[in-house]
Amino acid sequence: MEGGMDSFDHPIFTESVRRIRGWLGDTGLDGVEQELLERLVHSSGDLSLVADLRFGPGACQAGLAALSAGEVILTDTAMAAAAVAPMARRSFGNRVVSVLDWAPATAPVGGTRAAAGLDLALEAHPGAVVLIGSAPTALVRLLQRLAAGSPRPALVVGMPVGFVGVLESKALLAASDLPQIRLEGSRGGAGLVAASVNALLRRAWLDRQGEGG
């Protein structure tokens, strides 16, 4: 797997993935889905994530296609954007921006800055890869937009973290036909959504270079 990865993978990462793969055993996942799981486990130190990771049909392939085409990556936090930007620069040069760049200075009544910013961000970049790691309100707003006929993003990585509105937002995402990668339960966060898209960027770039998994 790791031949020719010098520009992407530190030897410690390579060894970590080898051990993670051994600990996980047969997950039933193939190719990029397995690589994405391994990166999530490496980022979190949590082998139990395998039980909660879900992929919509064709989700990874949709993400690979969008990222390799240079599509914009929208995140719900500056932290997630900062964690994705280095890999994006080293691969396809995708623009990585937080929806908070479009948000009002204060949250609207009954809403959040992330949800408000998402509206404007998706108008500017309707085919983006969207990462939601902290704001279930933004995920719900995205789904409301789609129900009203707005263009679909290329991929949604839905992993909001916490205990208020999180399970409900993930259930709504699961019930949709969006290309999606999600983490069931209360776990999630900026680090995990960033790890997910970094795994996709890495695989898309290696495929572009003709290097197998």
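This is a short chat about the sheet and helices of one predicted model.

User: What kind of model is this, and how are residues numbered?
Analyst: The model is predicted, so local features need pLDDT of at least 70, side-chain atom pairs count only at pLDDT 80 or more, and totals for chains, interfaces and linings use all residues. Residues are numbered from 1 along each chain as its sequence is written, and side-chain values use heavy atoms, with hydrogens and water left out.

User: What is the strand order in the sheet?
Analyst: The order is β1-β6-β5-β4-β2-β3. This is an open sheet of six strands with mixed pairing. Strands (E, at least two residues) and helices (H or I, at least four) are DSSP runs, numbered from the N terminus. Two strands pair if DSSP finds at least two bridges between them.

User: Which strands stand at the edges?
Analyst: β1 (53–55) and β3 (96–98) do. Each has a single partner strand, so one side of each is left without a neighbour in the sheet.

User: How many bridges does β4 make with β2, and with β5?
Analyst: Three bridges link β4 to β2 (residues 73–75), and the two run parallel. Ile-73 sits opposite Val-129 of β4. With β5 (residues 155–158), β4 has four bridges, again in the parallel sense. There, Leu-131 has Val-157 as its bridge partner.

User: Which helix does the chain cross through from β4 to β5?
Analyst: Helix α6 (residues 136–147). This β-α-β crossover is right-handed. That is, with the strands pointing away from the viewer, the path from the first strand over the helix to the second runs clockwise.

User: Is β4 buried or exposed?
Analyst: Both of its faces are covered. Val-129 and Leu-131 are buried on one side, and Val-130 and Ile-132 are buried on the other. Buried means under 20% relative accessible area, exposed over 50%, and partly exposed in between (1.4 Å probe, protein chains only).

User: Why two sides within one strand?
Analyst: In a regular strand the side chains alternate between the two faces of the sheet.

User: New topic. At what angle do α3 and α8 pack?
Analyst: Helix α3 (residues 59–68) and helix α8 (residues 190–208) pack at about 70°, with axes 9 Å apart. Axes are lines fitted to C-alpha atoms, for helices over the stretch in contact, and angles run from 0 to 180 degrees between N-to-C directions. That makes α3 roughly perpendicular to α8. Angles of 65 to 115 degrees count as roughly perpendicular, under 35 as roughly parallel, over 145 as roughly antiparallel and the rest as oblique.

User: Which strands does α8 touch?
Analyst: α8 packs on the sheet and touches β2, β4, β5 and β6. Its direction makes about 150° with that of β4.

User: And how far apart are the axes of α5 and α6?
Analyst: They are 8 Å apart, and helix α5 (residues 113–124) packs on α6 at about 45°. That makes α5 oblique to α6. Residues in this contact (heavy atoms within 4.5 Å) include Leu-118 of α5 and Leu-142 of α6.

User: What is in contact with Ala-114?
Analyst: Leaving aside neighbours within four places in sequence, Ala-114 is in contact with Asp-76, Val-99, Leu-100, Ala-135 and Ala-138. Ala-114 is buried, with a relative accessible area of 8%.

User: Where does Ser-169 lie?
Analyst: Ser-169 is in helix α7 (residues 166–175). Its relative accessible area is 0%, so Ser-169 is buried. Beyond neighbours within four places in sequence, its contacts are Pro-136, Leu-139, Val-140, Leu-143 and Pro-160.
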